[in-house]
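Okay, everyone, let me put this one up on the screen. I'll talk about the surface to begin with, and then about the pockets.

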Amino acid sequence: AFWLGDPMAIPLHQMQNGALLVFAFFMISDPMTIPDHRAGRAVFALATAAIGFILQYEFQVRAGVFYALPIVCMSTPVLDMLFKHQRYQWGKI
């Protein structure tokens, strides 16, 4: 918004999208689809954000962040090999 000279209401409105909130709080934080190590998760999140940004603002793909997640999910095994850590296991209730 600053770069284009738009009012801040535009990005704030885009961030209030229900699909984005579901994406952010449920899909990207799922412990079985993200890398095990904290550094791997940081790389995963930054890559998802960067690819989503590029798809949305360079290629004008409206749901770019939703396409970015499956693209980056394919790199999870590679990130797990680079950053070794114990695999997450669901506990019993």
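So, start at Phe 2, which sits in the segment before α1. Keep in mind that this is a predicted model. Is Phe 2 buried or exposed? Its relative accessibility is 74%, and exposed means over 50%, so Phe 2 counts as exposed. Phe 2 also has company: together with Met 8, Leu 12 and Met 15 it makes a nonpolar surface patch of about 460 Å².

Right, on to the pockets. How much space lies in the largest pocket? About 710 Å³. Its lining has 21 residues, and the ones nearest the centre are Gln 14, Leu 20, Gln 56, Tyr 57 and Val 65. If you want to trace the walls by helix, α1 (9-15), α2 (18-27), α3 (38-58) and α4 (64-73) each put in at least two residues. α3 gives the most, with six. As for chemistry, that lining splits into 13 nonpolar, seven polar and one charged residues.

Now the second largest pocket, with about 310 Å³ of space. Here's who lines it: Ala 1, Trp 3, Leu 4, Asp 6, Ile 10, Pro 11, Gln 14, Phe 53, Tyr 57 and Glu 58. The elements giving two or more residues to that lining are α1 and α3. By class, we get seven nonpolar, one polar and two charged.

One last thing to look at on the screen: Gln 14 and Tyr 57. Both are among the residues nearest the centre of the largest pocket, and both also line the second largest one. Okay, that's my bit, over to you.

Methods:
Residues are numbered from 1 along each chain as its sequence is written. This is a predicted model: local features need pLDDT of at least 70, side-chain atom pairs count only at pLDDT 80 or more; totals for chains, interfaces and linings use all residues. Side-chain values use heavy atoms; hydrogens and water are left out. On a 1 Å grid over the protein atoms alone, a cavity is a set of points where a 1.4 Å probe fits but cannot get out, and a pocket is an open set with protein on both sides within 12 Å along at least five of seven lines; lining residues have an atom within 4 Å of a point. Grid points are joined across faces, edges and corners, and a volume is the space filled by probe spheres set on the points. Helices (H or I, at least four residues) and strands (E, at least two) are DSSP runs, numbered from the N terminus. Ala, Val, Leu, Ile, Met, Phe, Trp, Tyr, Cys and Pro count as nonpolar, Asp, Glu, Lys and Arg as charged, and the others, Gly among them, as polar. Patches are made of residues with over 30% relative accessible area and no salt bridge: like charges are joined within 9 Å, nonpolar side chains (Val, Leu, Ile, Met, Phe, Trp, Tyr) within 5 Å. Accessible areas come from the Shrake-Rupley method with a 1.4 Å probe; for residues, only the protein chains shown count as cover. A salt bridge is a side-chain nitrogen of Lys or Arg within 4 Å of a carboxyl oxygen of Asp or Glu. Buried means under 20% relative accessible area, exposed over 50%, partly exposed in between (1.4 Å probe, protein chains only).
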